[in-house]
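Hello,

Here is the structure I said I would pass on. My notes follow below it.

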Amino acid sequence: MGPKTAKVYETLHTRLASGEYAPGDKFPSERTLVEELGIGRTALRQVLARLVAEGKLEVRGRSSYRVPGAVSVQRPNGVEPWRIRGERDLYDNRWVKLQLWDVEPPGMKPFEHHVVKLHHVAIAAVLDDQDRVLMMWRYRFVPQQFGWELPGGIVDAGEEPAETALREVTEETGWRPKSLEHVVTYQPMVGMVDSPHEIFVGHGAERVGEPTDLEESGHIEWVPLADVPGLMARGDLMGSGTLVALLHILANRRAQGATPAR
């Protein structure tokens, strides 16, 4: 790092160490920091990358950062990753790629492992001022059952996940969210499948028309958050993205001492 970059690093490191930002707070945007600190975006990203590597910040989306939440457990040291010795394609089309990887876990003999690569996905939970979440009642032919789902879909090439989430909500429900905030990125089947899922939560939406994606839409309804535990218990919530988003919302409400209204 040059002198200017090092100074910006020290400034941001001091702010984080001083408690200026609480655990879970959203960090100022790159644009805000560039203007405030008089640093170029490339140099700023070097600083932010170092803070992420040190565990002082978490990445939320391509250029969005957040102060890590307060936790008591520490990341273990000395645990080695698996070695990837090679990979080859078995099947590949626009929807799914099946590969065979030659892997070597620490202290074990190498072996071959199937890996499935699917698309990058964005999903949105949109809430209204009555503690209801915008959902769709859909039929899924693979498990051959109906269930409630949140709107979402595949992130197109060159598209930001937040743009995907906004587009999918509008196309599938006819409601356009007033705002969306990224809350978590996760992998639904981390042992074999690579398919990053981005979860967004929004508050408020404007009715802009009828759904334009008729294949995806199904029946649209604002579902009370208070119904979520019951819907989960009887198996009416389908898809990991729906469950992760709704459980995130309920966990935050519980942590803040709020109860979904009936």
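**Surface, cores and a helix pair**

About 15600 Å² of the protein chain is exposed, and carbon and sulfur atoms supply 53% of that area (Shrake-Rupley method, 1.4 Å probe). This is a predicted model, in which local features need pLDDT of at least 70 and side-chain atom pairs count only at pLDDT 80 or more, while totals for chains, interfaces and linings use all residues. Residues are numbered from 1 along each chain as its sequence is written, and side-chain values use heavy atoms, with hydrogens and water left out.

Of the 262 residues in the protein chain, 36% are buried (under 20% relative accessible area). The chain has 7 helices and 15 strands (DSSP runs: H or I of at least four residues, E of at least two).

The largest nonpolar core (buried nonpolar residues joined through side-chain atoms within 4.5 Å) has 21 residues; Val 133, Met 135, Leu 150, Leu 225, Leu 237 and Leu 246 touch the most other members. Apart from it lies another core, of 17 residues, including Val 8 and Phe 27. Beyond its neighbours within four places in sequence, Met 135 has contacts (heavy atoms within 4.5 Å) with residues including Trp 148, His 219 and Thr 242.

Helices α2 (residues 30–37) and α3 (residues 41–53) pack at about 110 degrees, with axes 10 Å apart. That makes α2 roughly perpendicular to α3 (65 to 115 degrees). Glu 30, Arg 31, Leu 33 and Val 34 of α2 meet Arg 41, Leu 44, Arg 45 and Leu 48 of α3.

Regards

Note on methods:
Axes fitted to C-alpha atoms, helices over the stretch in contact; angles between N-to-C directions. Parallel < 35°, antiparallel > 145°, perpendicular 65-115°, else oblique. Buried < 20%, exposed > 50% of the residue type's maximum accessible area, 1.4 Å probe, protein only.
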